[in-house]
Amino acid sequence: MATSLTRYGEVDVLHGFIERGMGDDAGEIANLNYWAYWLGLDRAPRSDDSFMADRSPRLWDAGALLRSIADRLDPALGCVDLNVHSVWSLIVSRPGVLAADPGLAQELRGRVALLLDSGSVSQQARRELDAVHYVLRLNSP
């Protein structure tokens, strides 16, 4: 619902959801599990949303998920702050994901720079982008 409301200019609802709905490990895991499911990376049939609490790291491929969400780091998207947060959360929870795909890391570097220069993200998303930028610099050859 929070992402839908951003289409009508209600970005505060999305920011509140990011802050309170994903403010702990359980919320972060549920967000990433839902992304993987929604993007078709978790192919198991789901009859309810209890899978979102599953902490198994083998439900989906972290690199494929990062690539899919990174493709959504677009300053024109109303829910870009959620996408930024999800990229940040994925990198924090799976630190080796960037080292596994140098091409993806390079592409992400460009997208992060674009967003940082655009001024189109919230302060929280900017802090998360700064953290992602730092990790990308640490992982660059």
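**View 1. Helix 3 and helix 5 each supply at least two residues to the lining of the second largest pocket.** The model shown here and in every other view is predicted. This pocket holds about 240 Å³ of space. Its lining is made of 15 residues. Nearest the centre of the pocket lie Asp 25, Glu 28, Ile 29, Leu 32 and Ser 93. Which helix provides the largest share of the lining? Helix 3 does, with five residues. By class, the lining of the second largest pocket has six nonpolar, five charged and four polar residues.

**View 2. The largest pocket contains about 580 Å³ of space.** In total, 21 residues line the largest pocket. The closest to its centre are Thr 3, Asn 31, Tyr 34, Trp 35 and Leu 82. Four helices each give at least two residues to the lining: helix 1 (2-6), helix 2 (11-21), helix 3 and helix 5 (80-93). Helix 3 gives the most, with six residues. How do the lining residues of the largest pocket divide by class? Twelve are nonpolar, seven are polar and two are charged.

**View 3. Tyr 34 and Tyr 37 sit in one helix and pair through their rings.** The whole structure has three aromatic pairs. In one of them, the ring centres of Tyr 34 and Tyr 37 are 6.5 Å apart. Why is this pair called tilted? The ring planes meet at 45°, so the pair falls in the tilted class. Angles under 30 degrees would count as stacked, and angles over 60 as edge-to-face. Both residues belong to helix 3 (residues 25-38). They are three residues apart, about one turn of the helix. Are these two tyrosines buried, partly exposed or exposed? Tyr 34 has 39% relative accessibility, so it counts as partly exposed. Tyr 37 is also partly exposed, because its relative accessible area is 33%. The cut-offs behind these words are under 20% for buried and over 50% for exposed.

**View 4. Tyr 37 also forms an aromatic pair with Phe 51.** The centres of these two rings are 5.0 Å apart. Their planes are at 50°, and this pair is tilted. The pair links distant parts of the chain, 14 residues apart. Tyr 37 is in helix 3. Where is Phe 51? Phe 51 lies in the loop between helix 3 and helix 4 (62-70). Phe 51 has a relative accessibility of 7%, so it counts as buried. Ring pairs join Tyr 34, Tyr 37 and Phe 51 into a cluster.

**View 5. Arg 94 lies over the face of Trp 60.** How far is Arg 94 from the ring centre of Trp 60? The distance is 4.2 Å. Trp 60 appears again in the next view, as a member of the largest nonpolar core.

**View 6. The largest nonpolar core has 29 residues.** Which members touch the most other members? They are Trp 60, Leu 65, Leu 66, Val 87, Ile 91, Leu 98 and Leu 108. Five helices each supply at least two residues of this core: helix 3, helix 4, helix 5, helix 6 (102-118) and helix 7. Helix 6 gives the most to this core, with six residues.

**View 7. One cavity of 30 Å³ or more is found in the whole structure.** The largest cavity has a volume of about 30 Å³. Which residues line the largest cavity? The lining is formed by His 15, Ile 18, Asp 81, Ser 122, Gln 124, Ala 125 and Glu 128. Helix 2 and helix 7 (123-138) each supply at least two of the lining residues. Helix 7 gives the most, with three residues. By class, the lining of the largest cavity has three polar, two nonpolar and two charged residues.

**View 8. Gly 119 lies in the loop between helix 6 and helix 7.** Is Gly 119 buried or exposed? Gly 119 has a relative accessible area of 61%, so it is exposed. The cut-off for exposed is over 50%. Pro 75 is 44 residues from Gly 119 along the chain. The C-alpha atoms of Gly 119 and Pro 75 are separated by 8.5 Å.

Methods:
Residues numbered from 1 in each chain as written. Predicted model: local features only at pLDDT ≥ 70, side-chain atom pairs only at ≥ 80, totals over all residues. Heavy atoms only, no water. Phe/Tyr/Trp six-rings, centres within 6.5 Å; stacked < 30°, edge-to-face > 60°. Buried < 20%, exposed > 50% of the residue type's maximum accessible area, 1.4 Å probe, protein only. Lys NZ or Arg CZ within 6 Å of the ring centre and 35° of its normal. 1 Å grid on protein atoms, 1.4 Å probe; cavity = no way out; pocket = protein on both sides within 12 Å on 5 of 7 lines; lining within 4 Å. Points joined across faces, edges and corners; volume = space filled by probe spheres on them. Nonpolar A, V, L, I, M, F, W, Y, C, P; charged D, E, K, R; others polar. Core = buried A, V, L, I, M, F, W, Y, C linked by side-chain atoms within 4.5 Å.
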